[in-house]
Amino acid sequence: MAEERDLQKFLQNVDEITNLIQGLNAEDPAEREKAISATEQRLQRLQQAAPDSEECDGCRVVLNRTTINHPKAPQSAPTQMPQTGDSSHPDAVLAVLEQDARERARRRKENKALANALKEMGNEAFAKGNYEMAIQHYSKGLEKLKDMQVLYTNRAQAYLKLREYPKALLDCEWALKCDEKCPKAHFLMAKAHLALGDYNKSRQCYRKMLESNPSLEKQVAGYLEHVALQEKAAMQEQEAQEELASRKSTAVATKTLLQTLTQPDQLPFFYAGGTEALAELMRDCTEQTLFRTNNGFSIINDNKVIKRCLSTVGDSGPEEAVCLSVTKLWHAVCRGNEVNQHRLVTHPGLGALLPSLLLGRGRPVQQQILALLTLLAETETGRNLLLSHMDLPSLLQALVTFVNSSDVRAGEAMRLLTDLALEDRFKAWFRNHLSTALPILVGTLRNPALANQATLSQCLAIVGNLSADVTIRSQLAACPDLWDVCLEFLLGWEEDLVLVRGTVYAALGLLMNLLLEPTRVPKGRAAVVNQRCLALLGCEDGGILTRAAGALSRSLAVSPPDAMEEVVAGGVVKKMIQFLKAGGQTAPRYAMKTLAICTKSSLRAREEVVRLDKRFGVLSRLLDSEDGVVVGNAALCLGACVEVAGVAASLLHSDIVDLLLRHVANAGPATVSHNAAIALGKLCTAEPRHVVRLRELHGVEILHGAMKHVSGS
């Protein structure tokens, strides 16, 4: 029976090893890799077993090593099964098969090292632009190791450079057999299909790339936009060629004019007239497309005379005429044509040229450039183009110079800058170049008396929007000059509120954001904010009143005690009570926070609240608010005010205990529960008779538990 069991286990091992060998010889790389892994695991088990009695998967195999290593022993696996009567043959077959597996694993290890070396050689050749040599190295590497995925994708990339798209696609297919989730293979397939004009397949590959790696969502969105742009360009070009073939007059004239403008070294007025005529021809997509397909961008932008005219400083003469006609042409060829917009903005040198034309040319050229940039910024794709290819410091410098302009250029420049500043890409650039960008903006804002108030307010609003970013805000708050500029804008409103209303409103918004960084407020600035905002509380404009209250609520939190007392003496409590009585959505939040801060540290503020809010009618009403911030601050303020002599006793016949206890017991925001518990504790301490009502409501246990929680936190 024991021999029968050994024979059955032996045959089972033979079957397993035979399957492993078949797997090693399989054409499918995935099957080969699986077989190699299984073989290596089997060999590890054999090496851990005893020298002459090896246990493998529960089967005891007795190896006669003397027989196996005998000179007359066969050196390869037998082609026929040995006779069952010879007990040595089964062990010999198993040993030979296992030896073959070991040999295969050793050869694979050597081949993998050689394939990696060839891959590195191929990468070096690729980096030098020698794509044919790179392909040779990658191919030799695949001869050593046919299932090395990276060699297929690298060779596919080289084939793409040589425009051998079918070969690139084939290599990507093999790479996906090695790893079906390989993002690079899907990416290269998408590029190959796009080059072959198969836009649907290109999109499918990009979507599969996203499925295999969801973190590439933004990149894939950009690639899909590029596919759509290429498809649109192909359709435009087909229609344009049909129009040209039909001898449409404007189509023929466009091609003829472009050929005429290829003449080199002509007078500037020759090119000015030609480009002006071309601009007049750009009436629809056909002419715009023919301009692009007949190399129009290079004919105009790379012409030596035109380039010299564009770079010449001045606002008169033939150079100015060339600049004006060329900028008109750019606007005409890009109007409603995303493909041309992309071609123009990505043309070498344009990223620096457009801002320079804004700074160094006359008003007509500046207006044309602003119109062109505004046209580009109308779409998200256009804005991303500008942010990716423009010289942003120069563009920012150029745009803010128009703040002092009294014509339409100022408004257009600020609208353009506002559109760009809302984009995440601009915020990222601003964050990384704050040391360069911030002085440009602060320098522009430093002379408000000389500037256009409308554009000043837009400029301040732009900085305010940027300060919503935590990293940017932290750096802005550490800039004393910016604080001084904002505080300067808070003056002069009493003389002409209509004129300065926008700048005051924007400056308050920026200050509110800067005050979110309390540790970075420059010394002495919080006290100045208090005084300016307190003065603004006399304004009749609702928006300014609300923002002044908001800034004050934040500046008081970082003010020294003497600055706090000045604000209280200035009548802030009365103003906040008036806000609370008037109601609203936002103002009560700021007003209640201001009262909570003031009453916490100022006895005078507490006495003012008690005097102005008889029996706490306003505060009690706010305890019923659905706004947790308002309720929490109302409870905090109430807790401070009951310390005033006689206040707790005056509340004996009110429902104040009921209100506070309800908030202690409710599972709402922790700060609300904590503040209500503290207020209730102070109320009962100041007037022990409140404990009677507390016990009637079974609130002693609730209060005790809440206070333990407060102490623990």
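**Entry 1: handedness, helix 7 and helix 8**

I call a crossing left-handed if the near helix is turned anticlockwise from the far one by less than a right angle, and right-handed if clockwise. I looked at a predicted model. With that rule in hand, I checked helix 7 against helix 8, and their crossing is left-handed.

Next I took the geometry. Helix 7 covers residues 165-178 and helix 8 covers residues 183-195. They pack at an angle of about 155 degrees, and their axes are 9 Å apart. Helix 7 is therefore roughly antiparallel to helix 8, because angles over 145 degrees count that way.

Which residues of helix 7 and helix 8 make the contact? From helix 7 I noted Tyr165, Leu169, Cys172, Glu173, Ala175 and Leu176. From helix 8 I noted Ala185, His186, Leu188, Met189, Ala192, His193 and Ala195. I sorted the residues of this contact into 10 nonpolar, two polar and one charged.

**Entry 2: helix 32 and helix 34**

I moved along the chain to helix 32, residues 572-582, and helix 34, residues 603-612. Their axes lie 10 Å apart, and the packing angle is about 40 degrees. Roughly parallel needs an angle under 35 degrees. Helix 32 and helix 34 are therefore oblique to each other. Is this crossing left-handed or right-handed? Helix 32 passes helix 34 in a right-handed crossing.

I then listed the partners. Helix 32 brings Val573, Lys574, Ile577 and Lys581. Helix 34 meets them with Ala605, Glu608, Val609 and Leu612. In this contact I found five nonpolar residues, no polar ones and three charged ones.

**Entry 3: the UniProt repeats**

I looked up the record. The unreviewed UniProt entry lists "repeat: TPR" at residues 115-148 and 183-216. I checked both spans in the model.

How far apart are the end C-alpha atoms of residues 115-148? I read 8 Å. That span is 79% helix and 0% strand. For residues 183-216 the end C-alpha atoms are 9 Å apart. Here I read 79% helix and 0% strand.

I also noted that helix 8 is at residues 183-195, and that the record starts one of its repeats at residue 183.

**Entry 4: the whole chain**

I finished with totals. The chain has 41 helices and two strands. How much of the chain is buried? Of its 713 residues, 47% are buried. I also took the contacts with a separation of 6 or more. Residues 24 or more positions apart account for 68% of them.

Key. Residues numbered from 1 in each chain as written. Predicted model: local features only at pLDDT ≥ 70, side-chain atom pairs only at ≥ 80, totals over all residues. Heavy atoms only, no water. Axes fitted to C-alpha atoms, helices over the stretch in contact; angles between N-to-C directions. Helix = DSSP H or I, 4+ residues; strand = E, 2+ residues; numbered from the N terminus. Parallel < 35°, antiparallel > 145°, perpendicular 65-115°, else oblique. Contact = heavy atoms within 4.5 Å. Nonpolar A, V, L, I, M, F, W, Y, C, P; charged D, E, K, R; others polar. UniProt positions renumbered as here; feature names shortened; annotations may be inferred. Buried < 20%, exposed > 50% of the residue type's maximum accessible area, 1.4 Å probe, protein only.
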